[in-house]
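Hi everyone, thanks for coming. I'd like to walk you through one sheet today, so please have the structure open as I talk.

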Amino acid sequence: MDNWKSSSQRFSTIGRDMGKHTEDKVPDVKAGSDSPEIPITSSQMGIWQFWTLEPSSRLELRRQWEELISGIEVGIREGQVDSYAIYFAIVSRLSCIVFVEVLYWWTKKSVPAFEARVTQHYDMYLMRVFLSETAAGYVGFTSLIDPDSQPRITARDAWRALDAIVSFLGQIITSASQLTLIIHVSRSSGAAFAFLCLMKPLLETCFSRSAWSGKFLVHLNNKHYQRMQALAALTADKYRQDYITGNLGPHILAAEMPMIYWAINAVMNPTKFSIAFIAILEQTSTNLRYSMETIFVNSKSFQRHVSQLKNLYALSEKRNKLKDGDLPYPCGDTKDGTGMSFELRNVTFCYPGSKARAALQNVSFTIRPGQLAVIVGANGSGKSTIIKLLTRLYDPSEGALLVDGIPAEQYSAFDLRRAMATFTQDHQLYPLSLYENIALGNPAATGDSALVAAAAEQGGAAVFIGKLPKGMGTLLDPQNQAYPMNIPSDPDHPLRKQMDALSKKTDISGGEKQRLVASRTFMHLNSGKVAFVAVDEPSSALDSEGEAQLFGRLIAERSGRTMVFVTHRFGHLTKHADIIICMKDGMVAESDTHDELLKQEGEYAKLYNIQASAFSSDIT
Ligand SMILES: Nc1ncnc2c1ncn2[C@@H]1O[C@H](COP(=O)(O)OP(=O)(O)OP(=O)(O)O)[C@@H](O)[C@H]1O
């Protein structure tokens with residue numbers, strides 16, 4: 001409990017006095033610990049809550065209730081009321097009610113903070129699973145983009161599973177306490193009575209399990225099925241009269257057996273019973289039946305929630321699918337300062353889990369060090385897939401990818417990626433400041449603000465950043481976690497305004513987003529370690545001037561680097577490319593320079609002429 005209490009207290013709290021805002025630092029969660037510390041703490045807390053709120057308090061309340069009613073009963077029977085005992089029972093009962101209410105209030109107040117803490121723990125855990133550290137000490141869950149490597153459970157799912165498990169355990173404790181109460185109050189006959197209380201839920205469970213888990217053929221001519229249907233129909237309202245008059249006796253007996261047992265017992269041993277005693281037993285046996293039924297109903301979802309949490313912890317055991325070597329890049333065999341060379345030999349590639357045709361089939365080409373290569377082709381022809389293989393997001397399914405003449409998987413993937421700058425439309429902005437969004441292009445130089453400013457200039461983002469009130473410090477999507485507690489929905493309420501301000505987003509245009517991503521790429525380029533630049537149609541949201549400037553600045557960085565562009569636009573890039581690879585249906589249709597490909601009058605010439613004709617022909 002100490003653990004829980006201290007962690008909840010460490011959360012940011014918005015002052016209860018209006019306008020007062022105290023912000024404590026959210027503690028570091030024990031990141032990396034795979035031990036189920038949180039589930040255990042959570043279970044302790046949940047079970048403690050159930051123990052205090054449910055059984056023990058109810059047990060005590062009922063005991064007092066029994067005393068109170070017994071006192072009144074005796075008083076009425078004998079004409080002599082023990083006022084002291086009755087007052088004492090009333091005061092004890094009121095104290096108990098106040099205690100229980102305070103606990104409920106505390107629970108209601110604490111659970112959101114606890115939920116936040118648990119969710120944060122699992123967020124951290126999942127983050128570490130994604131960024132799994134390898135023995136080589138680098139960070140990079142290289143099969144991240146595989147659909148099957150995505151976690152099937154989110155931090156919030158984990159909280160829900162945990163919550164359900166704790167509730168289930170609490171339910172068991174509740175039932176146990178109700179059983180204890182029954183055995184306690186019914187003394188010598190307690191066990192038999194308790195058994196009868198359990199009979200209905202037990203019978204129902206056995207019945208429903210055999211019905212639902214059994215394998216049977218649904219066929220209207222099946223006599224057993226017809227019989228089952230008929231029996232099921234007997235529960236309909238129109239058979240209610242028969243139900244009441246006893247034609248469905250076994251069902252009635254199973255449900256009401258405990259009270260019938262006590263009724264018979266009461267008739268045979270009238271002195272053993274009081275009105276209070278029977279009232280309490282009736283109430284408790286009903287509650288017990290209900291809670292036992294709930295347990296049986298929830299037992300299946302309990303198993304599901306436990307396996308959900310097991311899957312979550314199994315994520316940390318997942319191994320990286322990408323082959324990773326230990327050869328550093330650049331190494332002795334690679335030529336430094338001339339750019340990276342690539343050779344694809346009969347490469348076929350299918351996306352993991354995809355049942356469609358291979359995205360690439362038998363693809364072969366060579367890009368020499370320092371070349372400017374342009375990949376063109378129709379939609380879905382495999383252009384982006386080639387970039388993903390070159391940048392080692394996937395391994396080829398068949399064939400080989402050589403980097404500087406050496407199979408790519410022999411290199412350390414971390415080293416290779418450090419030597420590659422990618423700029424695609426898939427890149428996202430991070431939920432961090434604009435400064436960090438750019439600086440993280442080169443994590444080793446995040447403290448160098450001059451370098452970050454230069455990258456912003458190159459990427460074309462400096463002007464619009466300068467116009468933002470907080471400039472480089474702007475957070476586009478602040479990750480505040482504010483939990484409203486009974487705050488009115490009135491938008492003018494100071495606490496609501498404060499909460500809205502905490503989570504206010506800053507919107508920027510698609511083109512501005514691309515400029516920020518471009519700046520991040522330049523930050524990477526300026527690290528001095530980049531030997532290959534891959535650019536995949538990143539300029540769709542840029543205006544013509546912005547696009548021309550961006551490509552001009554990228555080309556200016558060409559010296560000593562190999563560059564591969566994917567584009568649909570035929571212009572300066574294609575005209576000046578050292579090699580154009582024209583893709584069609586996952587295969588290389590042709591590859592050569594612009595002039596040579598036009599002479600061949602093949603796929604490239606066809607695509608080029610379509611665009612060229614748009615500028616030369618009149619619109620009719
Ligand atoms: N993650 C993925 N999972 C399964 N199939 C994919 C995936 N990404 C792409 N594909 C499929 O692989 C094929 C090649 O896709 P790719 O994105 O490489 O084409 P592209 O030439 O870049 O297309 P575009 O010009 O539209 O960007 C397509 O049939 C596409 O549907």
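Let me start with a definition: two strands count as paired if DSSP finds at least two bridges between them. Keep in mind that this is a predicted model.

With that in hand, look at strand β5, residues 372–377. β5 and strand β11, residues 579–584, run parallel and are joined by 5 bridges. If you want a place to zoom in, I375 has I581 as its bridge partner in β11.

β5 also runs parallel to β10, with 4 bridges between the two; here L372 is partnered with M563. And M563 has V533 opposite it as well, since we are now at the pairing of β9, residues 532–536, with β10, which is parallel over 5 bridges.

Now zoom out. The sheet is open and has 6 strands in the order β8-β9-β10-β5-β11-β12, with mixed pairing. β8 (420–424) and β12 (587–592) are at the edges with a single partner strand each, so each has one side without a neighbour in the sheet. On average, neighbouring strands are turned by 15 degrees against each other, ignoring direction.

What packs on this sheet? Helix α10, residues 383–390, does, touching β5, β8, β9, β10 and β11, and its direction makes about 140 degrees with that of β5. Helix α17, residues 544–556, lies across β5, β8, β9 and β10, at about 155 degrees to β10.

Finally, back to β10, residues 562–566: are its residues buried or exposed? Well, 5 of its 5 residues are buried. T562, V564 and V566 are on one side, M563 and F565 on the other, and both faces are covered.

How values were computed:
Residues are numbered from 1 along each chain as its sequence is written. This is a predicted model: local features need pLDDT of at least 70, side-chain atom pairs count only at pLDDT 80 or more; totals for chains, interfaces and linings use all residues. Side-chain values use heavy atoms; hydrogens and water are left out. Buried means under 20% relative accessible area, exposed over 50%, partly exposed in between (1.4 Å probe, protein chains only). Axes are lines fitted to C-alpha atoms, for helices over the stretch in contact, and angles run from 0 to 180 degrees between N-to-C directions. Contact means heavy atoms within 4.5 Å.
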